[in-house]
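This report looks at strands, burial and aromatic rings in one protein. Please keep the sequence and the model at hand while reading.

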Amino acid sequence: AGAADGKMTASRYSSPAGIAGVDDGTLAVCDFWNNRVRVLATCAKSTSPPNSEFTGRSLPAWGELCDWACTAGYYRTEAQTCAACFNLPPNSVYTGPGGPGSNSTWTDCPSKCVPGYFAANGTSVCAQCRQDTCPVGQYRGPCAASHGVCVACTQSPPNSHYTSGGSPFDQDNCAWECDTGFRREGDRCSDGTTWYLSALAGSAKSQGREDGFGTGVLFKVPRSLSGVTAGGKVYVADAQNHAVRVLDTSTGGVGTLVGGLVSGYEDGTATVAKLDTPSSVAVFGEHFVYVAETGSHIIRRIDLSVAPAAVTRVAGVAYAPGVRDGARMAAQFNAPEGIAAVWDALFVADSVNNRVRVVNFTTGLVSTLAGASLLGGTRDGPPGVAEFLLPSDVAVHPSGHWLAVADLQNHKVRVVGLPSGNVSTLCGVGFGGWADGGSAVAQLDGPSRLAFDSGGETLFVADRYNSRVRRVYVATGFVETVAKRGNPEPGVWGTLEMRAAFQVAGVAVVSDGTVLVADGLQALWAVQKCNSTNGSSCAVGEWRGGCPADLAGAEPGQAGPLACTACTTKVPSNATYVTTGAPFNTDTCEWACDEESYRRTDELLGGAVEAPDTDLVLTTTYDTSSDYQIEFWVRPKEVTEDWRNILFVRATDNECCEYRDRIPLFMFNPGETTLRVVVGSFESGDQVCPGRTESALPLNEWSQVRLTVEEDRATLIVNGVMEARCVVGTRFEHTGVRVVVGQRYARFTGTSPLRSSIRNVTYTHLACWTCPTEPCSIGEYRVFCGGGEDGRCTACTPPPPPPFSPAGGG
C-alpha cells in the first residue's frame, strides 16, 4: 500500500477500486483510500524494438520503460532486441515468442504443424497426414495428434446412398444420390409423397370454449394432444380454458371432459373438478388420462372407468413449487410441462427444475431420472452430469429402451436411456434456427412437443418458434419439414402451408400416419400423406389431382379432387401426349411430335461457364411470338446481396433495353438463392412468377430450371418439380431475340456479377414441323426426320477409290 507515483511496478496504491479505459489507450484508476484518480498512459511505439509488442503501460515521460515482448518467431536478446528463432521444424509455423519469460535469451519458439501434417509420436517432427481417399461414404477425420482416421459421413438423407468419400480433412461432405424410386428435392429424397393439410376443429379467428363440430368448436390455447386411444379418442390440454377436451377422430366431434372456465385446484367428479393451466395430457390404456398442470405444479389422473369420471391428484403438492423427490404425494414439481405414461410409471418434463422426473406407482416414489443442474445447461452424459434447459415434453420410444426429450431452450431433441438415464443429443445444434438436414446441421427453434409414429422410426416435433412440424428419422437424426406456417392461396391443393395464424404447440400420430396438430391458439389440424398409392395410375395425357388441403374459407375436412384429370399442357398440331403428369397437382404431361414431323431444340451452351461480368450472347435467331421452352442448369456459389441476373432474353432491335424488355428474366432474390422469374410486363411494373420460398436453389449444387411459355401461361419447373404456374399478362414478343447470360443490365447499377456456373442452355420451339419430302440435290441424302431430327439434306459420303493394281492399265 502507498501513494507513490513512479515506474510501473514502483508505483503504489491503496485499495484500487475501479479502472476505466480512454480512447487513446490511457487507463484511469480509482485509488480508493488515497482519495485519488491515478493515470496510466500508453507507451510510445518507438520505445520498443522491431518485431515486438507492448505488454505494459507507463506515463508518457517514462515511455521508454514500458514493458514489451517479442512477437511469434522471435526471442529477446541480452541487448534488448528481438532476434529470429531458428528452431522451426519443416512443415510448421511459429505460434509464439521464444523463452519462458520476457527477459529470457532462450531461442526455442513454440510452433505447430501446418494443415495436412501432425506432430508424430509427441515430437516436434511434423509428419504428413495420410492423403489416400477413404471408402465411399466415409471421410478422413481431423489430423492432429495422429493420422486422421476414416469416419462415416452423416449428411445423406433417408432413402439415399453415398457415391464418394469426403475430402480430407474433417470434411463431412460425401456425395450422395437418391435410391431407385426416389428423386432429389433439395437436401431430401422424395418418393412422390405429398403431405397435405386439413382443418379438424376450431376457428381460425376466435378463441373461447364451445363444444361441437368443425368451425363451431372454440379452444383457447390448446397446448398438447394425447396419443390416440383404441377407441379413436384424442385428449386435448386446453390450457387457458383450464380444461381437458376430447376429440372423437371418427366423427370430428369435440366435447369437454373435465374443467371449466375458472382455474383452481379441486379433486372430485369431472363435473366439479377444477384444473389450473393443463399443459400436457397422456393416456394409459382406455381408462386413465394423466394431466400435467403447470399452474398448480401437480400431476392429476382422470379415471374414465367410473361415471362421471373421477379426478384425483397423484403426485406433487398443489401451489407449492419445488424440487423434492420422495413419496409422490409429498414430492414437488415446478411447472411440469410434458408427461408420458408407460407401464406403472409416468415420465415428467419438470420444466423450470430442468429435470426429467419419474413417478413410480409401484413404489409410490418420485425420483430424478436425468438433469444435474437446477440452473440448466447443455451437457450430455450420465444422469449426474447431463443438463437440460426448460425441457417441455417427453415421449417414450415404442421399444421402451429410451425416451426423447424436447429440450426447449437448448433447441435440441435429447435421448435419455432407460433405465440408465444417460443423455445424448439426437438432433439440434444448440441455438435457435431453421435448417433441414443431417443431425450435425439441422436447426430447431424451441421444440415443444413430441410424438413417435407407430413403428418408432420417425419422431414428429412441434417446432414452436419456427411454426413448423418437423420429422426426425430416429436412426440418423436427419430432420425435414412436414408442414409450416403460411397462408395458402384458394384452390391450391396439396399445400404444406398453414394459415397465417398457425403455430405449432402439440402433435400426435394416428395409426394411419396422420399427424394431428394443436396450433397453440384456437384450432386443431391434420397433416396427412398423399402419394402414388392413392389410386391407380392415370392414363397417358392425364394427371392425378391434388390431395385435400386447407382452402381459404373451406369447411374443416373438405377434400380436393384425387381423380384423374385431363392434362391442359398445350399440345401443338402433329403431336400427342406420351406421359402422365407426375403426381400430385402437376399438370405437366409430356408430348412428342408424330412420326411425320419434328421438334426443334437448339443447344445454345454445352459446357459450363462462369457468369461473366459482361453479357454472353448465346443466340440471335428466335421468335418469341410462338410457344417456347428455355432450359438450363445453374450452380450458385454465393448468397446474393442484391438482385442478380442469371439468364434473360432481350430483343435484337433494342440495344440498351429497359428492365421490362428482358423477358423472361431469371434472377436470384437478395439475401438468398430463391429463383425469381419475370414473365410479362404491365405499364405499372413487372409480372413475377415466383417459386415457393423453399425452392431456393442449393449452393454449390447443380439445379435444372425449365420455363415453358404457352400462349398466356408460364410454367416453372425446378429439378423436376413444378414450382409455379402463372398467367402471362402482356407477352414479350419480338421476331429476333438474344438469350443472354450475365449481369450487365442489373436492376441496380454497380452490383458485382453473380458467382455462379451455367451449363446446358437449350431453347425449344414448342411446335412440330412437317418433315420435308422434296428430293435432295445430287450427292445428298435426307437424314432421319422425327422427334428432334429435322430430316435435313446431308452430303453423301463418297465411295473409296478402287485399289491400285500395277498389272492393269497404263
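## Overall picture

A residue is called buried here when its relative accessible area is under 20%. In this model, which is predicted, 50% of the 810 residues of the protein count as buried. The exposed surface of the protein comes to about 36300 Å², of which 53% is supplied by carbon and sulfur atoms.

As for secondary structure, the protein has 67 strands and 0 helices. When contacts between residues at least 6 apart in sequence are taken together, 48% of them join residues that are at least 24 apart.

## Strand 53 and its partners

Strand 53, which spans residues 628-636, is mostly covered, with 7 of its 9 residues buried. Strand 53 pairs with strand 58 (residues 703-710) in the antiparallel sense over 7 bridges, and it is also joined to strand 62, again antiparallel, by 8 bridges.

Individual residues can be placed within these pairings. Trp633 has Gln704 of strand 58 as its bridge partner, while Ile630 stands opposite Tyr763 in strand 62.

## A stacked tyrosine pair

The count of aromatic pairs in the protein comes to 5. One of them is formed by Tyr628 and Tyr763, whose rings are stacked, with 5.5 Å from centre to centre and 10° between the planes. Because Tyr628 belongs to strand 53 and Tyr763 to strand 62 (residues 756-765), this pair ties together parts of the protein that are 135 residues apart in sequence.

Both tyrosines fall under the cut-off for burial given above: Tyr628 has a relative accessibility of 4% and therefore counts as buried, and Tyr763, at 0%, counts as buried as well. The stacked pair thus accompanies the antiparallel pairing of strand 53 with strand 62, in which Tyr763 has Ile630 opposite it.

## Other aromatic arrangements

Elsewhere in the sequence, Phe288, Tyr290 and Phe361 form one aromatic cluster.

Two arginines are placed over tryptophan rings. The charged end of Arg759 sits over the ring of Trp633, at 4.7 Å from its centre; this is the Trp633 whose bridge partner is Gln704 in strand 58. Arg468, in turn, lies over the face of Trp434, 4.3 Å from the ring centre.

Methods. Residues are numbered from 1 along each chain as its sequence is written. This is a predicted model: local features need pLDDT of at least 70, side-chain atom pairs count only at pLDDT 80 or more; totals for chains, interfaces and linings use all residues. Side-chain values use heavy atoms; hydrogens and water are left out. Rings of Phe, Tyr and Trp (its six-membered ring) pair if their centres lie within 6.5 Å; planes under 30 degrees apart count as stacked, over 60 as edge-to-face and the rest as tilted. Helices (H or I, at least four residues) and strands (E, at least two) are DSSP runs, numbered from the N terminus. Buried means under 20% relative accessible area, exposed over 50%, partly exposed in between (1.4 Å probe, protein chains only). A charge sits over a ring if NZ of Lys or CZ of Arg is within 6 Å of the ring centre and within 35 degrees of the ring normal. Contact means heavy atoms within 4.5 Å. Accessible areas come from the Shrake-Rupley method with a 1.4 Å probe; for residues, only the protein chains shown count as cover. Two strands pair if DSSP finds at least two bridges between them.
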